[in-house]
Amino acid sequence: LLGIFGMNGCSTYNNMIESREQVRKTWQNVEAAYQLRMDKITNLVATVKGQADFERSTLEAVINARANATKVTINPENQDEASMKQFQEAQHNVSSPLGRLMVVVEQYPDLKTNGAFTELRAEISETENMIKKARTDYNEVAGTFNTRVQKFPGNIWAGIFGFKTMPYFESDPGTDKAPKVDFETKK
């Protein structure tokens, strides 16, 4: 009986280690996708700055948000709900001014026809899709790990060996409400 108990403990421990390493690896993919976005934003800002009459406040908001987001990192060894929330908030603070920048750009025909800008815009859109996929992949492997840590008898071994659940990415604020679309035209 003691041998079976020991073998179960070893097997469960090894499975948790494997699962945790998968979460860490997937987290690195998330960070790489966000870093790629930061790099693209740097290039986008440099391209947009070339327009002398471009709205400086919008551009400065993007630059400041990017700078603040790069300061927020998560140590995979100590990943918890609070650090995940802080990371998500910093990334959301980049998305918001970046979206405003893309809307303001519509008022500048010279910029819209600039080949470098058009290419960067497409690359940023592609990068946003990469981020979405990386976040989804992370949530899947974190879910698998969390299930192992919480199910019996894994929860006993998790407590003994100090394994804790990993936080999930949550949807961005406001995405739980459908946008209001009004097609009425004023006469």
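## Salt bridges along the helices

Let's begin in helix α5, where D137 and K133 form a salt bridge, with 2.8 Å between the closest N and O atoms. Here a salt bridge means a side-chain nitrogen of Lys or Arg within 4 Å of a carboxyl oxygen of Asp or Glu. The two residues sit four residues apart in α5, about one turn of the helix. Helices are DSSP runs (H or I, at least four residues), numbered from the N terminus. D137 is partly exposed at 28% relative accessibility; on this scale, buried is under 20% relative accessible area, exposed is over 50%, and partly exposed lies in between (1.4 Å probe, protein chains only). Please keep in mind that this is a predicted model, in which local features need pLDDT of at least 70, side-chain atom pairs count only at pLDDT 80 or more, and totals for chains, interfaces and linings use all residues. Residues are numbered from 1 along each chain as its sequence is written, and side-chain values use heavy atoms, with hydrogens and water left out.

The structure has five salt bridges. Another one joins the side chains of R24 and E21, at 2.7 Å from N to O. Because R24 and E21 are three residues apart in helix α1, about one helical turn separates them. R24 is buried, at 13% relative accessibility, while E21 is partly exposed, with a relative accessible area of 37%. Both belong to a network of salt bridges that also takes in R20.

## A bridge from α1 to α5

E128 and R37 form a salt bridge as well, their closest N and O atoms being 3.1 Å apart. This pair links distant parts of the chain, since E128 is in helix α5 and R37 is in helix α1, 91 residues away. R37 is buried, with a relative accessible area of 1%, whereas E128 is partly exposed at 27%.

R37 turns up again in the surroundings of Q91, a residue of helix α3 (residues 81–105). Q91 is buried, at 5% relative accessibility. Beyond its neighbours within four places in sequence, Q91 is in contact (heavy atoms within 4.5 Å) with Y34, R37, M38 and A69. Q91 and T70 are 21 residues apart in sequence, and their C-alpha atoms are 8.9 Å apart in space.

## K40 and T47 on α1

Two other residues of helix α1 deserve a look: K40 and T47. K40 counts as buried, at 17% relative accessibility. Setting aside residues up to four places away in sequence, K40 touches L120, E123, I124 and T127.

T47 is buried too, at 18% relative accessibility. With the same kind of sequence neighbours left out, T47 touches L111, N114, A116, F117 and L120. A polar atom of the T47 side chain also lies 2.9 Å from the backbone oxygen of N43.

## Into and out of α6

Which peptide bond is cis, with omega near 0 degrees? It is the one from F152 to P153. P153 lies in the loop between α5 (115–150) and α6 (154–161). After α6 comes G162, with a positive phi near 80 degrees. For background, most residues other than glycine have a negative phi, and most peptide bonds are trans.

## The two sides of α6

Within α6, the residues G154, W157 and A158 are buried. They lie on the same side of α6 because they cover an arc of only 105 degrees around the axis; the arc is that of the directions from the helix axis to the C-beta atoms. The cover over these buried residues includes α1 (2–49) and α5. G159 and I160, on the other side of α6, are exposed.

I160 also belongs to a nonpolar surface patch of about 510 Å², together with Y13, F152, I156 and F161. Patches are made of residues with over 30% relative accessible area and no salt bridge, with like charges joined within 9 Å and nonpolar side chains (Val, Leu, Ile, Met, Phe, Trp, Tyr) within 5 Å. Accessible areas come from the Shrake-Rupley method with a 1.4 Å probe; for residues, only the protein chains shown count as cover. With three residues, α6 gives the most to this patch. F161 lies in α6 and is partly exposed, with a relative accessible area of 38%.

Definitions and conventions
A polar contact is a pair of N or O atoms within 3.5 Å; within protein, one must be able to donate a hydrogen and the other to accept it, and residues adjacent in sequence count only if both atoms are side-chain atoms.
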